[in-house]
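This briefing goes through a single protein model, topic by topic. Please keep the sequence and the coordinates at hand while reading.

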Amino acid sequence: MTKNPAKGDKQQKQQSDTKAKTRKPGTSVTEWVVAGISFVVLLAVLSYLVVDGVSTRDGTARIVVLPLGVAVTEGGYVVEFAAANRAGKSVAAVEIKGELRNGDEVVEESSATLDYVPQKSQRKGALIFRRDPEAYDLRLFASGYSEP
């Protein structure tokens, strides 16, 4: 008994046609859900970019300098600080000054330069004093910057 190869191919074709007919045409629910989520995310990103692009940039930087801590070293006293740029404009070459005061008298000064402080961010640095900053009134401030 020999098999007829044409007959076997015909049966396979009928089976595959039956499977194709049972599959529903069109887009599945999962595809619609993924497309909907992608559309919402795309709208959110585009909205953010438009609002950020249209919003006005503040013309001046607002640098706030806060002391973080004092450490004693062989060379003196290291005052670590954080300089926060709270404006919508990036700045470069930010000069940070520190003063040790005894009443109205400035006892000692120190300064440091931060290369770059992006908009709405902060950078850290340190000032070095010969005298103990905790024995005096410590004042930290930004004294100047340039535009990048």
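Two strands are taken to pair if DSSP finds at least two bridges between them. In that sense, the predicted model holds an open sheet of three strands in the order 4-3-6, with antiparallel pairing, and an open sheet of three strands in the order 1-2-5, again with antiparallel pairing. The points below take up these sheets, the nonpolar core, the salt bridges, a proline in a loop and a segment annotated in UniProt.

**The sheet 4-3-6**

- In the open sheet with the order 4-3-6, strand 4 and strand 6 are the edge strands, each of them pairing on one side only.
- Neighbouring strands of this 4-3-6 sheet are turned against each other by 20° on average, with direction ignored.
- Strand 3 pairs with strand 4 in the antiparallel sense over 11 bridges, and within this pairing Gly 98 has Ser 110 of strand 4 as its bridge partner.
- The connection between strand 3 and strand 4 is a hairpin with two residues between the strands, and Gly 103 in the turn has a positive phi of about 70°.
- Strand 3 also pairs with strand 6, in the antiparallel sense and over eight bridges; Lys 97 stands opposite Phe 141 in strand 6, while Leu 100 has Leu 138 of strand 6 as its bridge partner.

**The sheet 1-2-5**

- In the open sheet with the order 1-2-5, the edge strands are strand 1 and strand 5, each of which pairs on one side only.
- For this 1-2-5 sheet, the average turn of neighbouring strands against each other, direction ignored, is 20°.
- Strand 2 and strand 5 run antiparallel and are joined by nine bridges, with Val 79 standing opposite Leu 127 in strand 5.

**The largest nonpolar core**

- The largest nonpolar core has 16 residues, and the members that touch the most other members are Ile 63, Val 65, Phe 81, Ala 83, Val 94, Ile 96 and Leu 114.
- Two or more residues are given to this core by each of strand 1 (63-73), strand 2 (76-85), strand 3 (91-102), strand 4 (105-117) and strand 5 (121-129).
- Strand 3 supplies the largest share of this core, namely four residues.

**Salt bridges**

- A search of the whole structure finds three salt bridges.
- One of them joins Glu 147 to Lys 89, with the closest N and O atoms 2.8 Å apart; Glu 147 lies in the segment after strand 6 (137-146) and Lys 89 in the loop between strand 2 and strand 3, so the pair ties together parts that are 58 residues apart in sequence.
- The two partners of this bridge are in opposite settings, since Glu 147 counts as exposed at 59% relative accessibility, whereas Lys 89 is buried, with a relative accessible area of 15%.
- Arg 101 forms a salt bridge with Glu 99, the closest N and O atoms being separated by 2.9 Å; Arg 101 counts as buried at 16% relative accessibility, and Glu 99 counts as buried at 11%.
- Asp 137 forms a salt bridge with Arg 139, where the closest N and O atoms are 3.2 Å apart; Asp 137 counts as partly exposed at 36% relative accessibility, and Arg 139 counts as partly exposed at 39%.

**Pro 118 in the loop between strand 4 and strand 5**

- Pro 118 is found in the loop between strand 4 and strand 5, and with a relative accessible area of 18% Pro 118 is buried, because the cut-off for that class is under 20%.
- Leaving aside neighbours within four places in sequence, Pro 118 is in contact with Asn 85, Ser 90 and Arg 123.
- The C-alpha atoms of Pro 118 and Ala 84 are separated by 9.1 Å, although these two residues are 34 residues apart along the chain.

**The annotated segment 32-51**

- The UniProt record, an unreviewed entry, places the feature "transmembrane region" at residues 32-51, and such annotations may be inferred rather than shown by experiment.
- In the model, the chain over residues 32-51 is 100% helix and 0% strand, and the C-alpha atoms at the ends of this stretch are 28 Å apart.

Methods. Residues are numbered from 1 along each chain as its sequence is written. This is a predicted model: local features need pLDDT of at least 70, side-chain atom pairs count only at pLDDT 80 or more; totals for chains, interfaces and linings use all residues. Side-chain values use heavy atoms; hydrogens and water are left out. A nonpolar core is a set of buried Ala, Val, Leu, Ile, Met, Phe, Trp, Tyr and Cys residues joined through side-chain atoms within 4.5 Å. Buried means under 20% relative accessible area, exposed over 50%, partly exposed in between (1.4 Å probe, protein chains only). Contact means heavy atoms within 4.5 Å. A salt bridge is a side-chain nitrogen of Lys or Arg within 4 Å of a carboxyl oxygen of Asp or Glu. Axes are lines fitted to C-alpha atoms, for helices over the stretch in contact, and angles run from 0 to 180 degrees between N-to-C directions.
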